[in-house]
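The report below describes a single protein model, beginning with its interior and then turning to its surface and overall make-up.

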Amino acid sequence: YRDDDDINDVASMAGVNLNEESARIMATNSDLVGTQIQSCKDEPFLAAIPLHKRILEMAKKLGITDVPAEVVTFISHATQNRLRTVIEKVTVITQHRMESHKDDEWYEQATDVRSQLKFFEQLERLEKQRKDEQEREILLKAAKSRSRQEDPEQARLKQKAKEMQQQELAQMRQRDANLTALAAIGPRKKRKLDSPGLLAMGGEGLGMSGGSQAGLGTPTSRQYARQKITRVNLRDFIFYMEQERETSHSLLLYRALLK
């Protein structure tokens with residue numbers, strides 16, 4: 001009993017009464033005293049029977065004939081944990097990809113690739129338009145020439161000029177027909193649902209009806225917060241596999257890059 005005496009001596013020196021503290025603890029947690037706590041049922045993440053068959057097929061190749069049920073449960077929980085980890089990491093990658101720093105005052109835009117691509121596309125369009133105009137002038141000159149001795153190249157240019165004129169005429173007729181059809185249809189009438197005023201009136205009407213049903217007598221407006229959806233694509237999974245040591249040189253990553 002020497003240890004108990006030492007504890008009592010230390011408690012008394014600190015000014016703590018062990019009997020009072022024990023009574024206080026028993027009074028505070030009286031609802032937990034005498035209760036029995038049981039763990040929840042261990043439910044496997046994967047179907048046990050197909051997983052067991054699959055494990056037995058792989059174990060037979062290694063000379064193992066019996067696989068207990070505890071191994072199947074352990075593999076099922078390990079698969080669940082691994083899948084949860086992968087989903088968490090890929091979700092973080094997707095959120096980082098969707099972040100926009102345009103409105104952040106601590107970031108300054110260095111390059112604008114989209115504007116550069118639009119500029120190059122406009123240059124290509126102008127160059128193509130210039131070449132088309134040159135070819136059109138050449139074809140028109142060939143069509144207006146009235147030389148008696150025509151070579152095959154001149155005849156080909158005349159034929160091509162004739163086809164170009166027919167195509168332009170068909171495009172003009174199609175454009176005129178579209179304009180005529182639009183003029184016959186008339187201006188598009190805006191639907192009632194498209195009108196912002198009617199939408200506001202409808203919202204107020206719904207609010208008033210909801211308030212009358214609730215017995216408050218005043219319009220109530222409920223604003224439902226739209227849940228943000230994180231969409232994960234194949235590029236995020238490829239980036240995740242490139243960062244992981246287990247999958248950075250795997251065949252699965254190679255197949256994903258080929259898609």
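In this predicted model, the largest nonpolar core (buried Ala, Val, Leu, Ile, Met, Phe, Trp, Tyr and Cys residues joined through side-chain atoms within 4.5 Å) has eight residues, namely Val86, Val90, Ile93, Ile238, Tyr240, Met241, Leu253 and Ala256. At least two residues of this core come from each of the helices tabulated here, helices being DSSP runs of H or I with at least four residues, numbered from the N terminus.

| Helix | Residues |
|---|---|
| H4 | 69-98 |
| H8 | 234-243 |
| H9 | 251-258 |

Leaving aside neighbours within four places in sequence, Leu253 is in contact (heavy atoms within 4.5 Å) with Ile238, Met241, Glu242, Thr247 and Ser248.

Leu126, found in helix H5 (residues 113-144), is partly exposed, with a relative accessible area of 47%; buried means under 20%, exposed over 50% and partly exposed in between, with a 1.4 Å probe and protein chains only.

The protein has nine helices and zero strands, and buried residues make up 10% of its 259 residues. Of the contacts with a separation of 6 or more, 46% are between residues 24 or more positions apart.

Residues are numbered from 1 along each chain as its sequence is written, and side-chain values use heavy atoms, with hydrogens and water left out. Because the model is predicted, local features need pLDDT of at least 70 and side-chain atom pairs count only at pLDDT 80 or more, whereas totals for chains, interfaces and linings use all residues.
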